[in-house]
Amino acid sequence: MVVFSGLDRPRGGAYHAFWGCLFFVMLFGGCWVMYQASKSVDYTWRWYRVPQYFYYTETVDVRSEIEGEVTDVATRDNTLLMTVQGSGETATYTLPDGKSLLDEGDFVSMGDVLGTYEKGSPGVLMTGLWITLKVSAMAIVLGIVIGLLTGLARISENPALRWSAITYIELIRGSPLLVQIFLWYFVMGTLINTILSSHGFPQVPSMWFGILSLALFSGAYIAEIVRAGIQSVHLGQMEAARSLGMDYAQAMRKVILPQAFRRILPPLAGQFISLIKDSSLLGVIAVRELTKATRETVSTSLQPFELWIVCAILYLVLTFTLSMFVQYLERKAI
Amino acid sequence: MIHVKELNKYFYVPHEIHALKDINAHICEGEVVVVIGPSGSGKSTFLRCLNRLEYPQTGSIVVDDVDILANACNINKVRAEVGMVFQSFNLFPHKTVLENLTMAQVTVRKRSRKEAEDKAMKLLEKVGIAEKYNAKPEQLSGGQQQRVAIARSLCMDPKVMLFDEPTSALDPEMVGEVLDVMKALAKSGMTMVVVTHEMGFAREVADRVIFMDDGQIIEEGTPEHFFSSPENERARVFLSQIL
């Protein structure tokens, strides 16, 4: 989108063709330099090892839990059914797409392998990506709520509300997120979990403290974005709404916030993108999100370059999708 | 209808200004009062005090038997009865013309959507712009926007209409269409307080003219008397400058 179009002499086709071509030359040039650099490093690239961290198949052994005789081996809808008849008890085992190692009439002891089948599972990077996505999505939703309320409190006339909002914003924005995560998990988390367990409730997992700290962190930034958005709406809008008899809350909800929302979408997108990347810090409280998963994988596979590059690409996929979605919202809102 | 007594208003930002000095005024039901005066004379501030968009420091304002400066006063209720038209229209740009007219009816007057839309369409027809009901404000000309703004206020069935320089932001050829709507409104018996520089309108429609300068009401009277033989020197100078 060009902001100031038409202020200068119109550009011809040659202008766009030349500078467009230059862009692609630079893009491919950059890629070529990266490729040459990667070849010059004394490192054996093993990209073929990467897919297993996304999805892998393993062979599962099915063992008999009772002692007895295999009375029936049947295949139904690609599923292998094996029945073992013991003394007074019968057990049936299902092996999807499985392979039987025994025949009817064979005798099995407890723990003997009856057959095997192949089972596919999401790899460690895939689960990491899913957790990052889940944590970020929840922190974004919670952060919007916190940010909206704080932004409204920030412009309130009530000193308790306004000063609380300022204190919260300055404390959170001025201190490192890592320290906040530690405090939430090891101090508040310990306290909350101690209280919960003494009343017989289940423990809150560390992921929730991670989500909370991320939401509170981005909420402080979102609050300032919201405040700026509200202040950017012309004062006359509030006056018009109030002069029609609407109260402050109605005017805010129906007139001011919808207009502010359109204007704050671009900075909000930036905030959400940094939130997704900030979620990489949650590894320190044992949330196995993408970065933590990558670090673990690197330490076992000894393929740091490939895995960290893949990790970066996965973050890029998340952030780029989000930024496309926000741009779509922006276009729709106009 | 409106009784204003010894009203004083100060602004402290950016520096102290005594904007209204001991204003006394009475506006009767069905009366059309035009407030004129040089810029900075406090006429807009006076008008904005009448529905408490500005809060005066001392004095009293009684609108429709309600003291709007009292602590117990529910100002939202009063404002619903007092229509206000702004110089810069202040239509809601994210809503269509129809939604602009129905919003307050539904949220404040608790009318049903259907009821509100019927009322809105009737008023849009009255101001001659019914075919644009589905347009966004930015697609309308200034004159059309101001007529929508007038219709938006009328939707609330106000007892008084306040106009804050309604034609000052308009292109000259659009002033007429807005003034026509206001004239029709005055003829229908609406109580109106109009701050304007349109002397023709004042002469033709006003029951009474209030001339303000330097935060004070300098002269008050019928338009015939005011325009032909103003008693005050400042009023004479002002009239000689603009006519």
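Here are a few questions and answers about helix H6 of chain A and the contact between chains A and B.

This is a predicted model, where local features need pLDDT of at least 70, side-chain atom pairs count only at pLDDT 80 or more, and totals for chains, interfaces and linings use all residues. Residues are numbered from 1 along each chain as written, chains are lettered from A and ligands numbered from 1 in written order, and side-chain values use heavy atoms, leaving out hydrogens and water.

Reader: How many residues of helix H6 of chain A are buried?

Author: Helices here are DSSP runs (H or I, at least four residues), numbered from the N terminus. Buried means under 20% relative accessible area, with a 1.4 Å probe and protein chains only. H6 covers residues 235–243 of chain A, and the buried ones number eight of nine.

Reader: Which helices of chain B help cover the buried residues of H6(A)?

Author: Part of the cover comes from chain A itself, through helix H7 (248–278). From chain B, the cover includes strand E6 (82–85) and three helices: H1 (43–50), H2 (75–81) and H5 (142–154).

Reader: Which residue of chain B forms a salt bridge with Glu239(A)?

Author: A salt bridge is a side-chain nitrogen of Lys or Arg within 4 Å of a carboxyl oxygen of Asp or Glu. Chains B and A have one between them. Glu239(A), one of the buried residues of H6(A), has its closest N and O atoms 2.5 Å apart from its partner, Arg48(B).

Reader: How many residues of chain B are in contact with chain A?

Author: Contact means heavy atoms within 4.5 Å. On the chain A side, 18 residues take part, and on the chain B side, 23.

Notes:
Buried < 20%, exposed > 50% of the residue type's maximum accessible area, 1.4 Å probe, protein only. Helix = DSSP H or I, 4+ residues; strand = E, 2+ residues; numbered from the N terminus.
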